[in-house]
Amino acid sequence: MIKRLSFLLAMVFGLASCNSESASSNIHISNGDASAEVGQAANVRSIGSLEAKALLEEQGDIIILDVRTPKEYIAGHLIGAQHIDFYAPDFSKQLQALDPDKAYVVYCAVGGRSSKAAEMMKKIGFKQVYEASEGFPALEKSGIPVEEGSQK
């Protein structure tokens, strides 16, 4: 029994030490002669509607990205939101045209498309992406200003 307990404790400590390394460590990318140092890995974080509202109020330089369909966008969207239809055939190309050094809040109707878009942005190399996991209705309910109208 004591041997089993000792083994179990050793396993727990061993596993705990494996997870203690920081996820934001420096990454070194090398391709033959060319090499680049990336200081921080892309940061994608899922946030709720109240956190999104506070973030937008505190940091006015964040870009709001609506990835819903054109019909959904025209029916109502966050004021100042840039629209890119997740289902557009060139969606990935449109994401690549955005500035990866800026911070973005990405939202859709309920969180599915925005989550996928945020992961794509991470793979492309965006530095800071906040994914509004609760979707447009919750963002609107939280008091973030909304407008209706044509695409921008």
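In this predicted model, the largest nonpolar core has 17 residues, and Ile62, Leu78, Val105, Tyr107 and Leu139 are the ones that touch the most other members. Several elements contribute to this core: α2 (49-58), β7, β8 and α6 (136-141) each supply at least two of its residues. A second core, separate from the largest one, consists of 15 residues and includes Leu65, Phe86, Leu95 and Leu98. As a general point, nonpolar side chains in soluble globular proteins tend to be buried together.

Tyr107 deserves a closer look. Leaving aside residues up to four places away in sequence, Tyr107 touches Ile64, Leu65, Asp66, Val67, Arg68, His77, Leu78, Ala81, Ser114, Ala132, Phe136 and Leu139. One of these partners, Leu65, is included in the second core, while another, Ser114, is a buried residue of helix α5.

Helix α5 itself spans residues 112-124. Its 13 residues reach 19 Å from the first C-alpha to the last, close to the 18 Å expected at 1.5 Å a residue. Buried positions in α5 are Arg113, Ser114, Ala117, Ala118 and Met121. These residues lie on the same side of α5, because they cover an arc of only 135° around the axis. On the face turned away from this buried side, α5 carries the exposed residues Lys116 and Lys123.

Where do the buried residues of α5 pack? Their partners are the strands β3 (43-47), β4 (63-66), β7 (103-107) and β8 (128-132), together with the helices α3 (70-75) and α4 (91-96). Just after α5 comes Gly125, which takes a positive phi of about 115°.

Technical notes
Residues are numbered from 1 along each chain as its sequence is written. This is a predicted model: local features need pLDDT of at least 70, side-chain atom pairs count only at pLDDT 80 or more; totals for chains, interfaces and linings use all residues. Side-chain values use heavy atoms; hydrogens and water are left out. Helices (H or I, at least four residues) and strands (E, at least two) are DSSP runs, numbered from the N terminus. The expected span of a helix is 1.5 Å times one less than its number of residues. Buried means under 20% relative accessible area, exposed over 50%, partly exposed in between (1.4 Å probe, protein chains only). The arc is that of the directions from the helix axis to the C-beta atoms. Contact means heavy atoms within 4.5 Å. A nonpolar core is a set of buried Ala, Val, Leu, Ile, Met, Phe, Trp, Tyr and Cys residues joined through side-chain atoms within 4.5 Å.
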